[in-house]
Amino acid sequence: MTETHSPDATEQANPPRRNFLVKFAAVLVGGVITAVPLVFGGGFFLNPLLKKKSSDEDSDGFTFIGSTNSLLPGGPPRSYKVTGAKQDAWTTYAETAIGAVYLKMDEDRSVTAFNASCPHLGCTVNYKTDANAFICPCHDSSFNLDGERSNEIPPRGLDTLNVEVRNDNEIWVKFENFRAGTAEKIPV
Ligand code: FES
């Protein structure tokens, strides 16, 4: 007599494997359903944190400031506004002032850039022709033309910025802000 197995008998013989596959599929589908909103939702919330670059910046973080033709070798420093996209928590404001720099050209035509923000507490310093120095209007910090402090009010000299002259006469500056009130130059 030949023994036969009914389909029910075969299914009953493999319940652990079938259960495993069902559970695996459930975990997979559940994972996808959970991951999709996390990816898109996380991207939405992190978006402002990820977009920090100024619209005027090139890929190296340098911003075009002006032409070397506007500076005299050995002449007085000149101030320039730095514009770009400014961003608060969720909103981007295009083409707004984000800071200021002073540029000066030495006799050998090398260009130096200073952040115009006072390292004492962050006011904007002015170049005073009569004193031939940078003076801060807030608490009288004073700096010579090399950016070195001339009194003990500021904790450090003016902050120099990386500068490049490109295409013979274009001045590009890597604009950065630094923490005020510290002897160390700490980018913020
Ligand atoms: S902020 Fe410039 S001297 Fe105080």
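1. Does Cys123 count as buried, exposed or partly exposed? In this predicted model, Cys123 counts as partly exposed, its relative accessibility being 22%, a value that sits just outside the buried class because that class is reserved for residues under 20%. Its partner Cys138 is likewise assigned to the partly exposed class, with a relative accessibility of 37%.

2. The link between these two cysteines deserves a paragraph of its own. Searching the whole structure returns 1 disulfide, and it is formed by Cys123 and Cys138, whose sulfur atoms lie 1.9 Å apart. The torsion about the S-S bond is -95°, which makes the link of Cys123 and Cys138 left-handed. Cys123 belongs to the loop between strand 4 (111–115) and strand 5 (126–128), while Cys138 belongs to the loop between strand 6 (133–135) and strand 7 (142–143), so the disulfide ties together parts of the chain that are 15 residues apart in sequence.

3. Two further cysteines may be set beside this pair. Cys118 is buried, with a relative accessible area of 2%, and Cys136 is also buried, with a relative accessible area of 1%, whereas the bonded Cys123 and Cys138 are both partly exposed.

4. Turning to charged side chains, the search of the whole structure finds 5 salt bridges. One of the pairings joins Asp159 to Arg156, with an N to O separation of 2.8 Å. Both partners are buried, since Asp159 has a relative accessible area of 3% and Arg156 has a relative accessibility of 7%, each value falling under the 20% that bounds the buried class.

5. Which residue meets Glu152 in a salt bridge? The partner is Arg149, and the N to O distance between the two side chains is 3.9 Å, which still qualifies because the criterion admits pairs within 4 Å. As for the setting of this pair, Glu152 counts as exposed at 67% relative accessibility, while Arg149 is partly exposed with a relative accessible area of 36%.

6. Another salt bridge connects Glu164 with Arg166, the closest N and O atoms being 2.9 Å apart. Glu164 is partly exposed, with a relative accessible area of 34%.

7. Finally, a network of salt bridges links Lys104, Asp106 and Asp146, and these residues should be read together when the charged pairs of the model are inspected.

Terms used
Residues numbered from 1 in each chain as written. Predicted model: local features only at pLDDT ≥ 70, side-chain atom pairs only at ≥ 80, totals over all residues. Heavy atoms only, no water. Disulfide = S-S within 2.5 Å. Helix = DSSP H or I, 4+ residues; strand = E, 2+ residues; numbered from the N terminus. Buried < 20%, exposed > 50% of the residue type's maximum accessible area, 1.4 Å probe, protein only.
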